[in-house]
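Grab a pencil and work through these exercises with the structure open beside you. Try each task before you read its solution.

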Amino acid sequence: MGNRSFSFLTYLDLIILVLALPVFIIAGFNLAGYAVAAVVWAAQRLLQVWAERKAASDLAQGKRTSAMGAVAATSLGRPWLMAAVVLITCIIDREVGLAAAALLVLLFTVNLATRGLAYLLGKTDQPEEAR
């Protein structure tokens with residue numbers, strides 16, 4: 001697969017986030033729920049990008065434990081961040097929280113699936129040190 005295919009997979013969740021806005025408007029869903037989901041999703045994606053860059057930098061320096069720690073902490077922290085925001089939002093306004101939760105579940109599922117797929121499709125038989 002070409003580099004464009006991987007770029008598409010990498011940003012599919014963000015494309016779905018943008019395409020969800022007209023769906024929310026046409027279906028009459030609560031736009032505050034969309035806004036909450038969009039802000040939380042952007043924040044957790046920034047954490048993901050930071051962790052991936054830190055891991056790559058740490059691996060280049062031979063710090064495998066530090067790289068694994070950054071990825072592990074953010075991999076566990078990002079869903080907790082989303083869950084906490086949805087919980088607080090549901091306490092404040094249930095309809096807004098449910099709309100945000102539905103969109104976040106969709107985005108998280110797509111992101112997880114595309115990351116796994118991109119990893120599998122980009123995998124080679126060579127060990128990482130040989131590349």
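**Exercise 1. Find the helix that holds Ile15, then decide how much of this residue is covered.**

Start with the position: in this predicted model, Ile15 sits in helix 2, which covers residues 12–27. Next, look at its accessibility. Ile15 has a relative accessibility of 34%, so it counts as partly exposed, since that class lies between the 20% and 50% cut-offs. Finally, check its company on the surface. Together with Phe8, Tyr11 and Leu19, Ile15 makes a nonpolar surface patch of about 400 Å².

**Exercise 2. Describe the overall build of the protein: which elements does it have, and in what order?**

First, count the elements: you should get five helices and zero strands. Then read them off from the N terminus, which gives α-α-α-α-α. Now turn to the surface. About 8,600 Å² is exposed, and carbon and sulfur atoms supply 70% of that area. Of the 131 residues, 27% count as buried. Last step, the contacts: take those with a separation of 6 or more, and 68% of them come from residues 24 or more positions apart.

**Exercise 3. Work out how helix 3 and helix 4 are arranged: what angle do they pack at?**

Two numbers do the job here, as packed helices are described by the angle between their axes and the distance between those axes. Helix 3 (residues 31–60) packs against helix 4 (residues 64–92) at about 175°, and the axes are 8 Å apart. An angle over 145 degrees counts as roughly antiparallel, so that is how helix 3 runs relative to helix 4. Now zoom in on the residues that meet. Helix 3 brings, among them, Val40, Leu47, Trp50 and Ala51, while the helix 4 side includes Ala70, Val71, Leu81 and Val85.

**Exercise 4. Hunt for salt bridges: how many are there, and which residues do they join?**

Here's the idea to start from: side chains of opposite charge can pair when their charged atoms come close. The cut-off to apply is a nitrogen within 4 Å of a carboxyl oxygen. The search turns up three salt bridges.

- Step one: Arg45 pairs with Asp13, with their closest N and O atoms 3.1 Å apart. Arg45 belongs to helix 3 and Asp13 to helix 2, so this pair ties together parts 32 residues apart in sequence. Arg45 and Asp13 are both buried.
- Step two: Glu52 meets Arg115 at 2.4 Å, N to O. This pair links helix 3 to helix 5 (residues 94–122), across 63 residues. Glu52 is partly exposed at 38%, and Arg115 is partly exposed at 33%.
- Step three: Lys54 bridges to Asp58, with the closest N and O atoms 2.9 Å apart. Lys54 and Asp58 are four residues apart in helix 3, so about one helical turn separates them. Lys54 is partly exposed at 28%, but Asp58 is buried at 5%.

**Exercise 5. Decide whether Asn111 is buried or exposed, and list what it touches.**

Place the residue first: Asn111 is in helix 5. Its relative accessibility is 3%, so Asn111 counts as buried. For the contacts, skip residues up to four places away in sequence; that leaves Asp13, Trp41, Arg45, Gln48 and Arg78 as what Asn111 touches. Two of those names should ring a bell from Exercise 4: Arg45 and Asp13 form a salt bridge with each other.

Key. Residues are numbered from 1 along each chain as its sequence is written. This is a predicted model: local features need pLDDT of at least 70, side-chain atom pairs count only at pLDDT 80 or more; totals for chains, interfaces and linings use all residues. Side-chain values use heavy atoms; hydrogens and water are left out. Patches are made of residues with over 30% relative accessible area and no salt bridge: like charges are joined within 9 Å, nonpolar side chains (Val, Leu, Ile, Met, Phe, Trp, Tyr) within 5 Å. Accessible areas come from the Shrake-Rupley method with a 1.4 Å probe; for residues, only the protein chains shown count as cover. A salt bridge is a side-chain nitrogen of Lys or Arg within 4 Å of a carboxyl oxygen of Asp or Glu. Helices (H or I, at least four residues) and strands (E, at least two) are DSSP runs, numbered from the N terminus. Buried means under 20% relative accessible area, exposed over 50%, partly exposed in between (1.4 Å probe, protein chains only). Contact means heavy atoms within 4.5 Å. Axes are lines fitted to C-alpha atoms, for helices over the stretch in contact, and angles run from 0 to 180 degrees between N-to-C directions. Angles under 35 degrees count as roughly parallel, over 145 as roughly antiparallel, 65 to 115 as roughly perpendicular and the rest as oblique.
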